[in-house]
Amino acid sequence: MVRGWHVLNKVSFIGLLLVLAACDTEEVTGPPCDMSGQCLPSFVCQSGICIPAADNMMTSNCGPEGCEVALTNEATLLIPPLALTSSELITFTSVGRGAVGNSWSPLSSVFLIEPARLLFQAPATIEFRVDPSWGLSGGDVVVYWAPDLNDTWKPLTGSFDDETVRGELGQSGYVFVARR
């Protein structure tokens with residue numbers, strides 16, 4: 001009886017190993033995106049999986065002296081002197097075009113500025129480089145901002161020329177460019 005139990009355990013163990021090996025055919029590199037294609041800050045949704053946005057993210061220590069944080073050649077965050085009262089680690093992340101859902105058609109990527117709910121004592125400026133494929137003329141576009149992806153998007157005060165769209169920020173959050 002003991003020998004039969006020992007053989008049964010070996011067979012069960014080998015069977016379990018085969019089942020586990022068969023299940024390990026798909027590489028999962030991160031948690032799944034939520035139902036709306038969203039991930040936690042500093043992650044982007046690709047093929048339904050949240051992956052670190054290291055290639056789409058820039059960080060910079062910024063203090064009362066101000067700073068500039070550029071991400072790719074698409075967008076730059078300019079924090080003027082005295083906009084911050086103490087040193088902050090600013091993270092500037094591209095979260096992709098689909099981050100705002102179906103109600104918007106962003107021309108630019110959507111960007112997240114962190115830390116969350118950081119207030120600027122003087123307006124910071126977000127600058128987007130105009131892509132010639134947008135086919136726009138002066139005044140057609142505006143920068144939109146929201147503190148959270150599920151919040152109300154608000155147009156920012158700013159300016160537009162043939163090369164750059166600018167918006168003035170009073171607080172960190174999400175930003176993108178769209179037609180008015």
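Good morning. I begin at a single pairing position: Ile126 stands opposite Gly167 in β12. The two strands involved, β8 and β12, pair in the antiparallel sense over seven bridges. Please bear in mind throughout that the model is predicted.

From that position, let me step back to the chain as a whole. The protein chain has 180 residues, of which buried residues make up 39%. One helix and 13 strands are assigned. In sequence order the helix comes before the strands, in the pattern α-β-β-β-β-β-β-β-β-β-β-β-β-β. The exposed surface of the chain is about 10700 Å², with carbon and sulfur atoms supplying 56% of it. As for contacts, among those with a separation of 6 or more, 58% join residues 24 or more positions apart.

I turn now to the sheets. The β8 and β12 pair belongs to an open sheet of five strands, in the order β4-β5-β8-β12-β11, with antiparallel pairing. Which strands stand at the edges? They are β4 and β11, the latter spanning 158-160; each has a single partner strand, so one side of each is left without a neighbour in the sheet. From one strand to the next, the twist averages 15°.

At the β11 edge, β11 and β12 form a hairpin with three residues between them. Their pairing is antiparallel and runs over three bridges. Here Gly158 has Gly167 in β12 as its bridge partner. Gly167 is thus a residue we have met already, since Ile126 also stands opposite it.

There is also an open sheet of six strands, again with antiparallel pairing, in the order β3-β6-β7-β13-β9-β10. Its edge strands are β3, covering 57-62, and β10, covering 154-155, and each pairs on one side only. At the β10 end, β9 and β10 pair in the antiparallel sense over two bridges. Within that pairing, Trp145 stands opposite Lys154 in β10.

Next, the interior. In soluble globular proteins, nonpolar side chains tend to be buried together. In this model, the largest nonpolar core has 30 residues, and those with the most contacts inside it are Leu77, Ile79, Leu169 and Val175. Eight strands, namely β4 (67-71), β5 (75-79), β6 (88-96), β7 (110-114), β8 (119-129), β9 (141-146), β12 (164-171) and β13 (173-179), each supply at least two residues of this core. The largest share, four residues, comes from β8.

Leu77 deserves a moment of its own. Leaving aside its neighbours within four places in sequence, Leu77 is in contact with Cys67, Glu68, Val69, Ile90, Phe92, Ile113, Ala124, Thr125, Ile126 and Leu169. The list includes Ile126, the residue with which I opened. A second, separate core has eleven residues, including Val110, Tyr144, Phe176 and Ala178.

Cys67, one of the residues in contact with Leu77, leads to the next topic. How many disulfides does the structure hold? It holds one. Cys62 and Cys67 form it, with their sulfur atoms 2.4 Å apart. The torsion about the S-S bond of these two residues is about -110°, so the disulfide is left-handed. Both Cys62 and Cys67 are buried.

Finally, I consider two adjacent positions outside the strands. Cys33 is found in the loop between α1, which spans 2-23, and β1, which spans 43-46. Is Cys33 buried or exposed? Its relative accessibility is 14%, and because the cut-off for burial is under 20%, Cys33 counts as buried. Asp34 has its place in the loop between α1 and β1 as well. At 42% relative accessibility, however, Asp34 counts as partly exposed.

Both residues can also be placed relative to Ile49. Cys33 and Ile49 are 16 residues apart in sequence, and their C-alpha atoms are 5.3 Å apart in space. For Asp34 and Ile49, the separation is 15 residues in sequence and 9.1 Å in space, C-alpha to C-alpha.

To close, I return to the two sheets: one has six strands in the order β3-β6-β7-β13-β9-β10, and the other has five in the order β4-β5-β8-β12-β11. Thank you for your attention.

Notes:
Residues numbered from 1 in each chain as written. Predicted model: local features only at pLDDT ≥ 70, side-chain atom pairs only at ≥ 80, totals over all residues. Heavy atoms only, no water. Buried < 20%, exposed > 50% of the residue type's maximum accessible area, 1.4 Å probe, protein only. Core = buried A, V, L, I, M, F, W, Y, C linked by side-chain atoms within 4.5 Å. Contact = heavy atoms within 4.5 Å. Areas by Shrake-Rupley, 256 points an atom, 1.4 Å probe, with all protein chains shown as cover. Pairing = 2+ DSSP bridges. Axes fitted to C-alpha atoms, helices over the stretch in contact; angles between N-to-C directions. Disulfide = S-S within 2.5 Å.
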